[in-house]
Amino acid sequence: MRKAVTFISINRASTPAPPAGRAMFQMMGVFAEFERAIIRERVVAGLARAKAEGKAVGRPTVGAEVENAIRQMRRDRLGIQKIARTLGVGVSVVQRVVATSAV
C-alpha cells in the first residue's frame with residue numbers, strides 16, 4: 001500500500017512538482033546518502049583502530065554470576081522480564097543468555 005505525501009516549504013518557493021524542484025530534491029537525497037556513507041565509513045575505521053590498539057569495543061558483558069543467576073531463575077520458571085527487572089539487566093541480556101544456554 002502506497003501513501004501519497006506532499007511537501008510544502010514555508011521558507012522556500014521550491015516544491016518537488018516541477019522538474020527543477022524534483023531535481024533539487026533528488027540532489028539533496030544524493031548528498032544525504034553520501035554524507036551517511038561517509039559517517040559510516042569513519043565509524044568503521046574508528047572501531048578498527050580501537051580494536052587494533054587493544055581497546056574494548058562494544059557493550060560490557062555481564063559477569064558469570066549474573067549469567068548463572070539468569071539460568072537458575074529461568075529453570076525456576078520465572079519470566080524474562082521479571083528476571084531482567086530483578087537482576088537489573090536488560091531484557092536482551094536475559095534473552096541472549098537463555099538462547100546460548102539452550103544450545
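Q: How many salt bridges does a search of the whole structure find?
A: The search turns up 4 of them. Bear in mind that you're looking at a predicted model: local features need pLDDT of at least 70, side-chain atom pairs count only at pLDDT 80 or more, and totals for chains, interfaces and linings use all residues. Residues are numbered from 1 along each chain as its sequence is written, and side-chain values use heavy atoms, with hydrogens and water left out.

Q: Why is the contact between Arg49 and Glu53 called a salt bridge?
A: The rule asks for a side-chain nitrogen of Lys or Arg within 4 Å of a carboxyl oxygen of Asp or Glu. Arg49 and Glu53 come in at 3.9 Å, N to O, so the pair passes.

Q: What about Glu53 and Lys55, how do you know that they qualify?
A: Their N to O distance is 3.4 Å, and that fits the rule, so this pair is a salt bridge too.

Q: What links Glu67 to Arg96, and where do the two sit?
A: Their side chains meet in a salt bridge of 3.8 Å, N to O. The pair ties together distant parts of the chain, 29 residues apart: Glu67 is in helix α2 (residues 64–75) and Arg96 in helix α4 (residues 91–101). A helix, by the way, is a DSSP run of H or I with at least four residues, numbered from the N terminus.

Q: Which residues do salt bridges with shared partners join into one network?
A: Arg49, Glu53 and Lys55.

Q: How do you know whether each member of that network is buried, partly exposed or exposed?
A: Check the relative accessible area: under 20% is buried, over 50% is exposed, and anything in between is partly exposed (1.4 Å probe, protein chains only). Arg49 has 54% and Lys55 has 53%, so both are exposed. Glu53 has 49%, so it's partly exposed.

Q: Is Arg96 buried, partly exposed or exposed?
A: Arg96 has a relative accessible area of 38%, so it's partly exposed.

Q: Why is Val97 called buried?
A: Val97 lies in helix α4, and its relative accessibility is 0%, so it belongs in the buried class. Val97 is also 7.4 Å from Arg71, C-alpha to C-alpha, though the two are 26 residues apart in sequence.

Q: What is Phi of Arg77, and where is this residue found?
A: Phi of Arg77 is near 70°, a positive value in a residue other than glycine. Arg77 is found in the loop between α2 and α3 (80–87). With a relative accessible area of 76%, Arg77 is exposed.

Q: Which residues make the nonpolar surface patch, and what does it take to join one?
A: Met24, Met27, Met28 and Phe31 make it, and the patch covers about 410 Å². Members need over 30% relative accessible area and no salt bridge, and nonpolar side chains (Val, Leu, Ile, Met, Phe, Trp, Tyr) are joined within 5 Å, like charges within 9 Å. Phe31, found in helix α1 (residues 19–52), has a relative accessible area of 55%, so it's exposed and clears the patch's area cut-off as well.

Key
Accessible areas come from the Shrake-Rupley method with a 1.4 Å probe; for residues, only the protein chains shown count as cover.
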